[in-house]
Amino acid sequence: MTAHIVVVVLAVVFTNLGLWQLRRLDERQLENSVAASRYEAPPTPLEELLAGAGSDFDSLEYRRATVGGTFDVSAEVLMRNQVFRDQAGFHVVTPLILEDGDAVLVNRGWVPLLMDEPGDESAAPDPTATTLTGWISLNQERPPLGAEEPEDGVLSIMNRVDISRIAQQVSYDVKPVYLVMEGERSGETLPVALAAPELTDEGSHLAYAIQWFGFTIVGLVGYIALLRKNLSRG
């Protein structure tokens with residue numbers, strides 16, 4: 001009797017794990033659909049998007065925005081541990097000063113490791129007023145085991161785009177989101193623009209669901225076969 005109970009409990013647990021993975025797949029597909037619709041929407045002035053969002057900045061992720069201003073190269077920061085075509089390097093994040101005196105951080109793209117000094121002339125932005133288009137990204141939170149940035153001082157190289165930490169280093173207000181700049185990805189000019197965000201990856205939820213259902217079926221079939229074998233011997 002105990003063996004029957006154990007098999008039934010395991011079958012119920014495995015089946016529920018499979019159903020949970022299917023629910024996660026549905027959630028992932030919905031998230032991807034929402035993100036894709038945001039990215040495919042026409043580019044809109046950043047100020048207009050921020051005003052419409054209120055404090056719900058999460059709703060702006062992946063929206064494409066236009067913005068005009070002048071880059072402040074003196075406040076540029078490099079983000080370490082970035083890869084392009086299997087080559088290690090940095091992402092270049094530069095504040096763009098807007099007409100109202102505030103700024104928005106702009107990820108201008110990738111540069112190789114040898115360009116480990118912010119403001120490198122070979123990847124310098126246009127020093128005059130410019131208008132650009134990019135997609136909105138949210139503040140990057142530190143992972144549980146991620147390195148912490150020093151609280152004091154001016155950092156020229158960081159581990160992630162921490163908007164509040166970079167804002168601490170400048171004299172102007174910084175918008176609560178940042179832009180990833182659209183541009184050329186040939187690698188012939190620096191920085192190399194980042195690839196468009198991947199919005200169709202559904203993860204491994206379906207494979208895991210099939211795996212759990214498979215464990216259930218194999219367990220039940222095997223147990224039934226074992227019972228029949230024992231009965232035939234009896």
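Lys-175 and Asp-100 form a salt bridge, with 3.9 Å between the closest N and O atoms. Lys-175 sits in strand β8 (residues 174-181) and Asp-100 in the loop between β4 (87-97) and β5, so this pair ties together parts that are 75 residues apart in sequence. That is a handy place to enter this model, which is a predicted one.

The two partners differ in their surroundings. Lys-175 counts as buried because its relative accessibility is 11%, under the 20% cut-off. Asp-100, in contrast, is partly exposed, with a relative accessible area of 49%. The pair also belongs to a wider arrangement: Glu-47, Asp-100, Asp-102 and Lys-175 are linked in a network of salt bridges.

**The overall fold**

Let us step back to the whole chain. The protein chain has four helices and eight strands. Read from the N terminus, its elements follow the order α-β-α-β-β-β-β-β-β-α-β-α. The chain has 234 residues, of which 37% count as buried.

**Salt bridges**

How many salt bridges does a search of the whole structure find? The search finds seven. As a reminder of the chemistry, side chains of opposite charge can pair when their charged atoms come close. The table sets out three of the pairs, among them the one met at the start.

| Pair | Closest N to O distance |
|---|---|
| Arg-108 and Glu-76 | 2.8 Å |
| Arg-160 and Asp-162 | 3.2 Å |
| Lys-175 and Asp-100 | 3.9 Å |

Take the pair of Arg-108 and Glu-76, whose closest N and O atoms are 2.8 Å apart. Arg-108 is part of strand β5 (residues 103-112), while Glu-76 is in the loop between β2 (64-71) and β3 (77-84), so the bridge ties together parts that are 32 residues apart in sequence. Are these two residues buried or exposed? Both Arg-108 and Glu-76 are buried. Burial is also found for the partners in another bridge, since Arg-160 and Asp-162 are both buried.

**An internal cavity**

Arg-108 and Glu-76 turn up again in the lining of the largest cavity. A general picture may help here: rolling a probe the size of a water molecule over the atoms shows where empty space is left. In this model there is one cavity of 30 Å³ or more, and the largest cavity holds about 50 Å³ of space. Besides Arg-108 and Glu-76, its lining includes Leu-78, Val-92, Val-111, Met-115 and Glu-117. Pro-118, Gly-119, Asp-120 and Ala-123 belong to the lining too. Sorted by class, the lining has six nonpolar, one polar and four charged residues.

Asp-116 is found in the loop between β5 and β6 (130-137). This residue is partly exposed, because its relative accessible area of 38% falls between the 20% and 50% cut-offs. Which separation do the C-alpha atoms of Asp-116 and Phe-90 have? They are separated by 7.7 Å, although the residues are 26 apart along the chain.

**A nonpolar surface patch**

One more feature is on the outside of the model. Ile-5, Val-9 and Val-13 make up a nonpolar patch on the surface, and together they have about 240 Å² of accessible area. Ile-5 belongs to helix α1 (residues 2-40). With a relative accessible area of 48%, Ile-5 is partly exposed.

Note on methods
Residues are numbered from 1 along each chain as its sequence is written. This is a predicted model: local features need pLDDT of at least 70, side-chain atom pairs count only at pLDDT 80 or more; totals for chains, interfaces and linings use all residues. Side-chain values use heavy atoms; hydrogens and water are left out. Patches are made of residues with over 30% relative accessible area and no salt bridge: like charges are joined within 9 Å, nonpolar side chains (Val, Leu, Ile, Met, Phe, Trp, Tyr) within 5 Å. Accessible areas come from the Shrake-Rupley method with a 1.4 Å probe; for residues, only the protein chains shown count as cover. A salt bridge is a side-chain nitrogen of Lys or Arg within 4 Å of a carboxyl oxygen of Asp or Glu. Helices (H or I, at least four residues) and strands (E, at least two) are DSSP runs, numbered from the N terminus. Buried means under 20% relative accessible area, exposed over 50%, partly exposed in between (1.4 Å probe, protein chains only). On a 1 Å grid over the protein atoms alone, a cavity is a set of points where a 1.4 Å probe fits but cannot get out, and a pocket is an open set with protein on both sides within 12 Å along at least five of seven lines; lining residues have an atom within 4 Å of a point. Grid points are joined across faces, edges and corners, and a volume is the space filled by probe spheres set on the points. Ala, Val, Leu, Ile, Met, Phe, Trp, Tyr, Cys and Pro count as nonpolar, Asp, Glu, Lys and Arg as charged, and the others, Gly among them, as polar.
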